[in-house]
Amino acid sequence: MPTVITTDKLTKRFGAFIAANELTFEVEKGEIFGFLGANGAGKTTAMRMLCGLLSPSSGAATVAGFDVYTQTEKIKQNIGYMSQKFSLYDDLTVSENIRFYAGIYGMSIPAIKTKTTQLLEELQLQKEAKTLVKELPLGWKQKLAFSVSIVHDPSIVFLDEPTGGVDPVTRRQFWDLIYAAADKGVTIFVTTHYMDEAEYCNRVSIMVDGVISALDSPAKLKEQYNAHNMEDVFYELARNAKRKAD
Amino acid sequence: MKTLRFLLEKEFRQILRNRQILRTLLIAPVIQLILLPLAADYSVKNISIVVVDNDHSPISQRLINKITASGHFRLTGYTASYNEALTMVEQDQADIALQIPTNFERDLVRENAKQLFIAVNAIEGTKANLGGAYLNTIIRDYNADIRIRWQSPNPTAAAPATNPGATPSTASTITAAPASHGTPTANTPVPQITATSSNWYNPYLNFKLYMVPAILVVLVTAMAAMQSAFNIVQEKESGTIEQINVTPIKKHWFILGKMIPFLVLGIILFTLGLLVGWLFYGIIPVGNLLVLYASLIVYLFAMLGLGLLLATYSGTQQQAMSLAFFFINIFNMMSGVFTAIDSMPGWAQAIVATFPPSHFIKIMRMVVLKGSGFSDIVYPITAMAAIGLVLNTWAVLNYRKTN
């Protein structure tokens with residue numbers, strides 16, 4: 001499998017504080033890569049560097065074959081990103097949001113129309129096409145935000161705690177969407193606090209205090225730490241954290 | 001280019017859906033434009049005057065009639081004692097006391113000169129200054145009247161001058177004809193030079209004609225600088241800007257997408273303002289509307305650039321608001337809306353030259369009142385364009401998609 005993300009000692013300092021310290025890992029194409037860690041461990045910082053939103057302090061990384069220092073705009077053309085903060089426009093309708101984001105990614109109008117119909121069908125939001133996004137329940141909004149983040153068929157999508165505050169049923173549906181995207185060959189890079197979700201990933205990395213402390217498949221991690229589930233693995237690693245959660 | 005289309009589509013949808021924005025952008029300024037010029041009027045009316053007439057002659061009577069007929073003065077008292085008049089000034093029943101001395105008529109006829117005495121309550125500076133000046137003009141006029149009526153070519157010039165004191169008690173003296181020493185006799189007319197002034201472009205010194213265009217600029221300024229800044233900062237607060245930053249969108253398209261909608265709103269607001277000026281104040285621009293609108297677009301380009309620049313430096317709407325207020329207050333006080341830029345010290349004038357509103361107010365007054373054309377406004381319009389270019393370039397450079 002070809003790699004789509006490669007990092008080598010990728011580091012971000014804010015003054016004296018090292019938010020992400022010498023991260024080195026690879027993500028393969030089509031993989032669902034879980035990026036775990038306690039609050040304040042440096043997950044979001046690492047993700048923002050890979051998305052071209054934040055310049056690294058040192059180290060190297062390529063995303064979809066492009067350099068994170070010099071080719072951020074090329075990276076942006078090839079990735080999707082769903083931030084922790086809800087990022088659709090509340091005062092636009094469902095289909096207007098799809099149209100807008102597809103438009104600024106440079107899709108043609110006929111392509112946008114086809115894509116909108118397809119997305120609405122997948123999400124079963126046909127009736128809500130003309131509903132303002134602020135009137136949708138949170139779970140629907142999250143699913144819509146995910147679909148919008150991959151509207152331009154990127155090769156990688158970064159999801160920053162996409163299921164925060166969502167009920168278990170909707171979370172399950174959300175992961176169905178993630179699997180569907182992965183089946184199409186989209187690489188999924190996802191952070192989460194739900195350990196059941198960690199089990200869904202092909203491989204998982206666990207960050208503690210800005211450093212990657214463990215990286216393997218959930219099965220191997222459980223074996224290595226002699227744990228029954230990912231929750232125990234996470235607890236084993238994260239309880240030694242010195243950094244205060246934010 | 002295609003990106004811009006989607007950006008504009010989105011902005012206009014959001015603006016049109018937001019009734020709050022439409023209200024603050026369009027209705028509030030119209031109300032302000034109707035109300036503010038009523039206050040920003042420097043012509044003084046209803047100055048209360050108390051006359052101490054010690055003469056009781058036809059000439060003194062005629063003088064009083066002339067004063068009250070001018071429309072500026074209201075006769076609130078007519079007494080025979082100066083102290084009584086001063087009491088009225090002290091009790092705020094009169095702004096000015098005019099004392100006509102005994103034998104005013106007789107001495108004027110015989111000696112060709114007689115002094116009048118004016119005491120002005122100078123607590124309200126503007127009223128005192130202008131009131132004194134109006135009264136002087138009337139007396140000078142009256143002086144001339146008498147000469148004509150007597151058909152005497154006597155050139156005795158009346159050279160009154162007021163000097164309002166700080167309090168009512170420090171009254172000033174006015175001489176209706178003080179310099180009559182060595183006045184030539186009535187039979188030998190001497191040539192005299194009189195300077196007269198006429199007010200061009202605004203012959204009746206109608207302050208509204210002068211103020212309405214400037215106030216309209218103030219309103220357009222506030223809209224342009226603040227709303228464009230708020231709009232971007234709002235996207236920062238809601239987090240949508242991050243979603244934009246993670247797309248391959250070009251920065252200049254993004255900035256243009258934010259600028260054009262407010263440019264359009266600015267043009268609508270300006271047009272409404274011109275309509276209000278016409279309907280309520282009867283002001284019809286003398287100059288070419290094309291010149292006016294071309295200048296407006298250059299001006300909005302500069303002011304929206306400022307708003308966008310402020311937005312790149314603010315993380316919250318509160319920060320943007322404080323920054324915008326800082327600039328707008330300075331612009332309003334220093335750009336020649338209320339006071340003349342020419343009377344500021346040189347270094348202050350140099351600073352004001354970098355304020356886009358100072359140039360646009362100038363253009364507005366030139367085009368609206370005087371009918372100036374493109375060739376007359378080359379300097380201010382170029383200055384605005386240059387300032388706008390600097391601000392917008394700065395805004396694009398300071399807007400970072402990657403931090």
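**A buried glutamine and the A–B interface**

Student: Why is A:Gln142 called buried?

Tutor: Its relative accessibility is 9%, and buried means under 20% relative accessible area (exposed is over 50%, partly exposed in between; 1.4 Å probe, protein chains only). So A:Gln142 counts as buried at 9%. Bear in mind that this is a predicted model, where local features need pLDDT of at least 70, side-chain atom pairs count only at pLDDT 80 or more, and totals for chains, interfaces and linings use all residues. Residues are numbered from 1 along each chain as its sequence is written, chains are lettered from A in the order in which they are written, and side-chain values use heavy atoms, with hydrogens and water left out.

Student: Where does A:Gln142 lie, and which residues is A:Gln142 in contact with, leaving aside neighbours within four places in sequence?

Tutor: A:Gln142 lies in helix 5 of chain A, residues 138-149; helices here are DSSP runs of H or I with at least four residues, strands are E runs of at least two, and both are numbered from the N terminus. With those neighbours set aside, the contacts are A:Met82, A:Phe86, A:Pro162, A:Gly164, A:Val166 and A:Phe174. Contact means heavy atoms within 4.5 Å.

Student: What makes A:Glu96 and B:Arg13 a salt bridge?

Tutor: The rule wants a side-chain nitrogen of Lys or Arg within 4 Å of a carboxyl oxygen of Asp or Glu. In this pair the closest N and O atoms are 3.1 Å apart, so the pair passes the 4 Å cut-off. The rule finds 4 salt bridges across the interface of chain A and chain B.

Student: Which elements of chain A supply at least two residues each to the side that touches chain B?

Tutor: Helix 2 (72-78), strand 6 (79-82), helix 3 (94-104) and helix 4 (109-123). Helix 3 gives the most, with 6 residues.

Student: How many residues of each chain are in contact, and how much area do the chains bury?

Tutor: 35 residues of chain A are in contact with 27 residues of chain B. The two chains bury about 2,700 Å² between them, 55% of it on carbon and sulfur atoms; that is the accessible area (1.4 Å probe) that two parts lose on being put together, summed over both. In chain A, A:Leu53, A:Tyr89 and A:Ile104 lose the most area to chain B, together 21% of what that side buries.

Student: And how much of chain B is buried?

Tutor: Buried residues make up 49% of its 403 residues. Chain B has 14 helices and 5 strands.
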